[in-house]
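Colleague: I would like to learn how to read a model like this one, feature by feature. Could you walk me through it?

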Amino acid sequence: MSTVGTTHESESTSSRAGNRWIVLAGGVLVQLTIGAVYAWSTMGRALNDEQSAFDLTKVQTAIPFEVAIGMLFLGTFLGGRIQDRKGPRVVALSGVVLYSIGIILAGFARDTSDLWLLILGYGVLGGFGLGLAYIVPIAMLQKWFPDKRGLITGVAVGGFGFGAVITSPMMNRLISGMEGYQAEPTKAFLWLGGAYLVFGLLGASVFKNPPADYVAPGAAKANGQDDPNKEEQAKKAARDFTQQEALSTPQWYLLTLILTVSVTAGISLISVAADAATSVAGFSVAAAATLVGIMGLFNGAGRIVWAAASDKIGRRPAFVGILGLQGLALLALPHVGNVVLFYILAAIIYTCYGGAFGTMPATAGDFFGLKHSGGIYGLMLIGWSIGGIVGPLLISWLIGPDGRYTLGFTVMGIIALVGVIIPIIARPPKARR
């Protein structure tokens, strides 16, 4: 009788809360919109084209994107804190608006003298708005899907990974097909920024947290004997960690270090993928460009696959696999002279790179609870910024002008393999004060 009563109560609560799948669809739509930031390489190539009015160096071309990634952490930090207090919708809507306005503003840059406008629009405003919007669905959807936290957060951030796959060809078509856009490729941002605003607002408009007494269908099973994370769940205390309490534990720093190591290793290939493909495996320039586009699919898919796997095998074993496979693939990569093998190894690395972003939000929820997960995980994304800077700089320095790819990828592979130790020793806090 008690089981039946619990089932009816769960169904009643779920009905009052609303349809969680609509909230998920809104989250994916927002992530697809802001994930377009990874399509910057398409714009960068157009800015360096000889037909362009922009006479920028490669370093100058990279500045708007680097600023955006740096501002992203500030946005996730503030967005997570505000979301925990004011709810997800207002933060997501604000993030989408700022992100879209920044992209549109960048669309008014016309030549080299307007580089500051690209940095301000795409970098500062766009990056900050991106961070605000990025953190919201990750924290919110864990509350809606306590029975599928890994899978659902993987699906959400998978949308971010797929954003560039959709946007990059659209941007390229605008630049190559519209009159005057090859000379001033930034005009494409005017159209894209408007589209981001429409679709981003549509997705964010359905955001809301479930009621306090919400019980998701299947949640009872997720907390029962079939839960592979039962041991970790059992170690949780009666209340959720606050952000300050989480920062006082060594576990927060260990989880952030896992993300930092994974990003550093994975983005080392991402930053030199086209050049490595031509130099190591003999790809043509066109084939290398195709490789980069296809690998974006594995980046997005890895966020879903590894997150779903973590629901089955546990979070910590998943990270052992993510770092271990990434390290082995990096070690093998410079020794293949075969296009097919290069594709396979690159796909493994991209999948593991995305997998860390898909798995970490649920891991943070396991360790510190869901109530303040937005702020806690938002701070962890400093690992994204650190890895996003260290990885490309280190691999470029190691490879050098002589093309020492074996040295570069060997060092990055060793870093990933040493990182395997971290999830092995990282265990949830035993108690909360």
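**Reading helix 2, a glycine and a pocket**

Modeller: Gladly. Let us start with packing: the cover over the buried residues of helix 2 includes helix 5 (88-106), helix 6 (115-144), helix 7 and helix 8 (188-204). Keep in mind that this is a predicted model.

Colleague: Which residues of helix 2 are buried?

Modeller: They are R20, V23, L24, G26, G27, V30, Q31, T33 and I34. Buried here means under 20% relative accessible area.

Colleague: What should I look for at the start of helix 2?

Modeller: Look at N19: one of its side-chain oxygens comes to within 2.8 Å of the backbone nitrogen of W21.

Colleague: And how far apart are the end C-alpha atoms of helix 2?

Modeller: Count 1.5 Å a residue: the 15 residues of helix 2 (residues 20-34) should span 21 Å, and the end C-alpha atoms are indeed 21 Å apart, so the two values agree.

Colleague: Let us step back to the whole chain. How many helices and strands does the chain have?

Modeller: The chain has 19 helices and zero strands. Of its 433 residues, 53% count as buried. Contacts add another view: among those between residues at least 6 apart in sequence, 84% join residues at least 24 apart.

Colleague: Can you show me one residue with partners far along the chain? Take G75: which residues does G75 touch, leaving aside those up to four places away in sequence?

Modeller: G75, which lies in helix 4, touches F128, G131 and L132. The C-alpha atoms of G75 and L130 are 7.0 Å apart, although 55 residues separate the two along the chain.

Colleague: Is G75 buried or exposed?

Modeller: With a relative accessible area of 0%, G75 falls under the 20% cut-off, so G75 is buried.

Colleague: Now for empty space. How is it found?

Modeller: Rolling a probe the size of a water molecule over the atoms shows where empty space remains. Here, the largest pocket holds about 2000 Å³.

Colleague: Which residues lie nearest the centre of the largest pocket?

Modeller: S41, I270, S271, V272 and V292 do, out of 46 lining residues. By type, the lining divides into 27 nonpolar, 15 polar and four charged residues.

Colleague: Which helix gives the largest share of that lining?

Modeller: Helix 12 does, with eight residues. Helices that each supply at least two lining residues include helix 3 (40-47), helix 4 (58-86), helix 12 (250-280) and helix 13 (285-313).

Methods. Residues are numbered from 1 along each chain as its sequence is written. This is a predicted model: local features need pLDDT of at least 70, side-chain atom pairs count only at pLDDT 80 or more; totals for chains, interfaces and linings use all residues. Side-chain values use heavy atoms; hydrogens and water are left out. On a 1 Å grid over the protein atoms alone, a cavity is a set of points where a 1.4 Å probe fits but cannot get out, and a pocket is an open set with protein on both sides within 12 Å along at least five of seven lines; lining residues have an atom within 4 Å of a point. Grid points are joined across faces, edges and corners, and a volume is the space filled by probe spheres set on the points. Helices (H or I, at least four residues) and strands (E, at least two) are DSSP runs, numbered from the N terminus. Ala, Val, Leu, Ile, Met, Phe, Trp, Tyr, Cys and Pro count as nonpolar, Asp, Glu, Lys and Arg as charged, and the others, Gly among them, as polar. The expected span of a helix is 1.5 Å times one less than its number of residues. Buried means under 20% relative accessible area, exposed over 50%, partly exposed in between (1.4 Å probe, protein chains only). Contact means heavy atoms within 4.5 Å. A polar contact is a pair of N or O atoms within 3.5 Å; within protein, one must be able to donate a hydrogen and the other to accept it, and residues adjacent in sequence count only if both atoms are side-chain atoms.
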